[in-house]
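Biologist: I would like a close look at one part of this protein, the aromatic residues and the helices that carry them. Please take me through that part slowly, and then on to the surroundings.

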Amino acid sequence: MGHSSEKLDDSVSFASQHHVELYDPSKESVWTRVGLNFESFKRAPGPTGGQVIAGDLSEADLEKLRADGPMLQQKMKPRHLSMIAVGGSIGTGLFVGSGGALHNGGPAGVLIAWILIGVMLINVTQALGEMSIVFPVSGGFYTLSDRFIDSGFAFAMGWNYVLQWIVVVPLEVSVAAQMVQYWGDAVPTAALITIFWIALIIICLFGTLGYAEVEFWAACLKLLVVTMFLIIGIVCICGGGPSSGEYSTYSGGKLWQDPGAFANGFKGVCAVFVTAAFSFSGTEIVGLAATETPNPRATMPGAVKGTFWRVTVIYVSSLTIIGLLVPWTESRLMGGSGATASPFVIALNKANIKGLDHLVNATICVSVMSIGLSAVYAGSRTLVALAEKGYAPKLFTYVDKSSRPLYAVILFLATCPIAYIDTTEKGGTVFDWLVAISSLSTIVTWLSICVCHIRFRAAWKAQGHSVEELPFKAMGGVWGSWLGVIMMVLVLIAQFYVAIWPPNFEGGAIDRVQSFFMAYMAAPIIIAFWIGGYAWKRQRPRRASEIDLDSGRKSWLTVEEMRAYRAERKNAPWHVRIYRILFSN
């Protein structure tokens, strides 16, 4: 503990030299706390020091660590974090994007791609959970990239992540308007875009709590609808569907025989990887949310383990059912748009089950808005962290008394009018290119998280720490992160292969070049950011022994304390231990 205490003095030297006033939001009126009066828009006078710090530290050290905390308030409750992890990123990638994936890869190709990406993602979230519990810092994995890798790489990752979400906000608003038109086109698209834009602004007024509550109930709805679909799908496969539909007799796995398990062979499987990754995008937001949680040590393990259940129960199960109900040759998978191209809607229509297609479409609308809200949340928090490091204008460090990163949120909401482009004749083409800017961003972000974890473990060992000190250990350890890195590099190679030789391609040389850049444009943008960041900061990666392991650290427990804690938990009843293994820590 002496080694840590020495480094603690250095890591919070600013706090020791300058008295930092802690801000107590509970002294404000309820209207200020929820963000509904003019006072709430004023700058917060200081950090709240609201995060739990574990360890036997002196009062002086505790005061320094609290002063070193994030400006954002810790408003999220355990139920919020759990549902964000389990259902937060379920959206168009699953409900609609899986249709195009089924057409390109076939039922077996879809399952292979989603399982591989799921295994990769489990390792990513385990690594992120381990680091976020020890370092629940502002900016999450971006800040850790700066600490564990180098400043140029962090600059590239941070701006790449912000750019990804800036594109997503108007895109999701536009998609939400398209989904409503499943019920008719009486309301103009521009009017629907305006309505959804205003809805986003209203929710964002309530700050973190508004985002967390909307995500919680949206996730509940999505999980309910997926569960209903799984039950109905099993009944239909067994021949229990309505006699007026196509599933009144047992079908089993006949669609795996005719038209077949694979649509385009190996190339088809490769083409599905990015769609699978897109469907999981946003999972890493739990790492950002750790900053706004009072006790990440208690809530993060359950959120991280929720990812495993989302991969297995929700994605793999529902895609298996889809592959048994809808043939990959179904024309609506590629010929339709919006909800009409959703394999969930197609299956329910083929079963001739009235009304449920409307429920699915309503759920897709809610999912789309949920992802748009997540984009504002994740992008604004990362932009704040960039500004705190000097990589973005200082204006964006502004956090108000209701814990809203005000100017960062305004910037993201101001991108919504881009959605009006979709009302023009060439709007679809413009959005295709906007999506291309961030098409690989999710995979690169996950890659950086795994690399950060590898470097963190190296620094932890080099500076004399034991993994027994960690409150939560990644399931696969450092080898899980290496597996994640290797798998993500293979996915990037597969996407490069498909970008050059896309399946079912029809067109000339110019069309092929355009297709390539739409699939791989994000790569040169990320490289340009990295070069720019390095040229600006001129910093090389630090040695493992030089990496700062103390700034922002909230777990200072010794090996002996952690052994005593784990020994006590081993004495719990067997059913409690099983629950903790599956759902908690």
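Modeller: In this model, which is predicted, the structure holds 24 aromatic pairs. One of them is formed by Phe153 and Trp530, whose rings lie edge-to-face, with 4.9 Å from centre to centre and 75° between the planes. Because Phe153 belongs to helix α9 (residues 151–180) and Trp530 to helix α24 (residues 522–537), this pair ties together parts that are 377 residues apart in sequence. The two partners can also be described by their accessibility: Phe153 counts as buried because its relative accessibility is 10%, which falls under the 20% cut-off, whereas Trp530, with a relative accessible area of 38%, is partly exposed.

A further aromatic pair is made by Phe155 and Trp536, again edge-to-face, with 5.8 Å between the centres and 85° between the planes. This pair also links distant parts of the chain, since Phe155 is in helix α9 and Trp536 in helix α24, 381 residues apart. Phe155, at 11% relative accessibility, counts as buried, while Trp536 has a relative accessible area of 46% and is partly exposed. Phe155 and Trp536 are also members of one aromatic cluster, in which they are joined by Tyr142, Tyr391 and Phe529.

Helix α24 holds another aromatic residue to consider, Tyr534, which at 34% relative accessibility counts as partly exposed. Once residues up to four places away in sequence are set aside, Tyr534 touches Gly152, Gln539 and Arg540. Of these, Gly152 falls within the span of helix α9, residues 151–180. For a sense of distance along the chain and in space, Tyr534 and Val485 are separated by 49 residues in sequence and by 22 Å from C-alpha to C-alpha.

The cluster member Tyr142 leads to helix α8 (residues 141–148), which is mostly covered, as 8 of its 8 residues are buried. These buried residues are Phe141, Tyr142, Thr143, Leu144, Ser145, Asp146, Arg147 and Phe148, so that Asp146 and Arg147 are found among them alongside Phe141 and Phe148. The cover over the buried residues of α8 includes α7 (97–134), α9, α14 (285–289), α18 and α21 (441–462).

Helix α18, which is part of that cover, has a partner of its own: the axes of helix α17 (residues 343–350) and helix α18 (residues 356–388) come within 9 Å and cross at roughly 170°. Because an angle over 145 degrees counts as roughly antiparallel, α17 is described in that way relative to α18. On the α17 side the contact is made by Phe344, Val345, Leu348 and Asn349, and these meet Leu356, Asp357 and Val360 in α18. Sorted by class, this contact of α17 with α18 has 5 nonpolar, 1 polar and 1 charged residues.

Helix α17 is also the place of Lys350, a residue that is buried, with a relative accessible area of 10%. Apart from neighbours within four places in sequence, Lys350 is in contact with Gly245, Glu246, Tyr247, Leu325, Pro327, Glu330 and Arg332.

Trp328 lies in the loop between α15 (296–325) and α16 (332–335), and at 17% relative accessibility Trp328 counts as buried. Leaving aside neighbours within four places in sequence, its contacts are Leu102, His103, Gly106, Pro107, Pro259, Gly260, Phe262, Ala263 and Leu333. Trp328 and Asp61, by contrast, are 267 residues apart in sequence and 61 Å apart in space, taken from C-alpha to C-alpha.

Aromatic rings in this model also meet positive charges. The charged end of Arg297 sits over the ring of Tyr565, at 4.6 Å from its centre, and the charged end of Arg404 sits over the ring of Phe41, at 4.2 Å from its centre.

Another helix contact is that of helix α10 (residues 189–205) with helix α11 (residues 207–237), whose axes come within 6 Å and cross at roughly 120°; α10 and α11 are therefore oblique to each other. Here Ile203, Cys204 and Leu205 in α10 meet Gly207, Gly210, Tyr211 and Val214 in α11, and by class the contact has 5 nonpolar, 2 polar and no charged residues.

Terms used
Residues are numbered from 1 along each chain as its sequence is written. This is a predicted model: local features need pLDDT of at least 70, side-chain atom pairs count only at pLDDT 80 or more; totals for chains, interfaces and linings use all residues. Side-chain values use heavy atoms; hydrogens and water are left out. Axes are lines fitted to C-alpha atoms, for helices over the stretch in contact, and angles run from 0 to 180 degrees between N-to-C directions. Helices (H or I, at least four residues) and strands (E, at least two) are DSSP runs, numbered from the N terminus. Angles under 35 degrees count as roughly parallel, over 145 as roughly antiparallel, 65 to 115 as roughly perpendicular and the rest as oblique. Contact means heavy atoms within 4.5 Å. Ala, Val, Leu, Ile, Met, Phe, Trp, Tyr, Cys and Pro count as nonpolar, Asp, Glu, Lys and Arg as charged, and the others, Gly among them, as polar. Rings of Phe, Tyr and Trp (its six-membered ring) pair if their centres lie within 6.5 Å; planes under 30 degrees apart count as stacked, over 60 as edge-to-face and the rest as tilted. Buried means under 20% relative accessible area, exposed over 50%, partly exposed in between (1.4 Å probe, protein chains only). A charge sits over a ring if NZ of Lys or CZ of Arg is within 6 Å of the ring centre and within 35 degrees of the ring normal.
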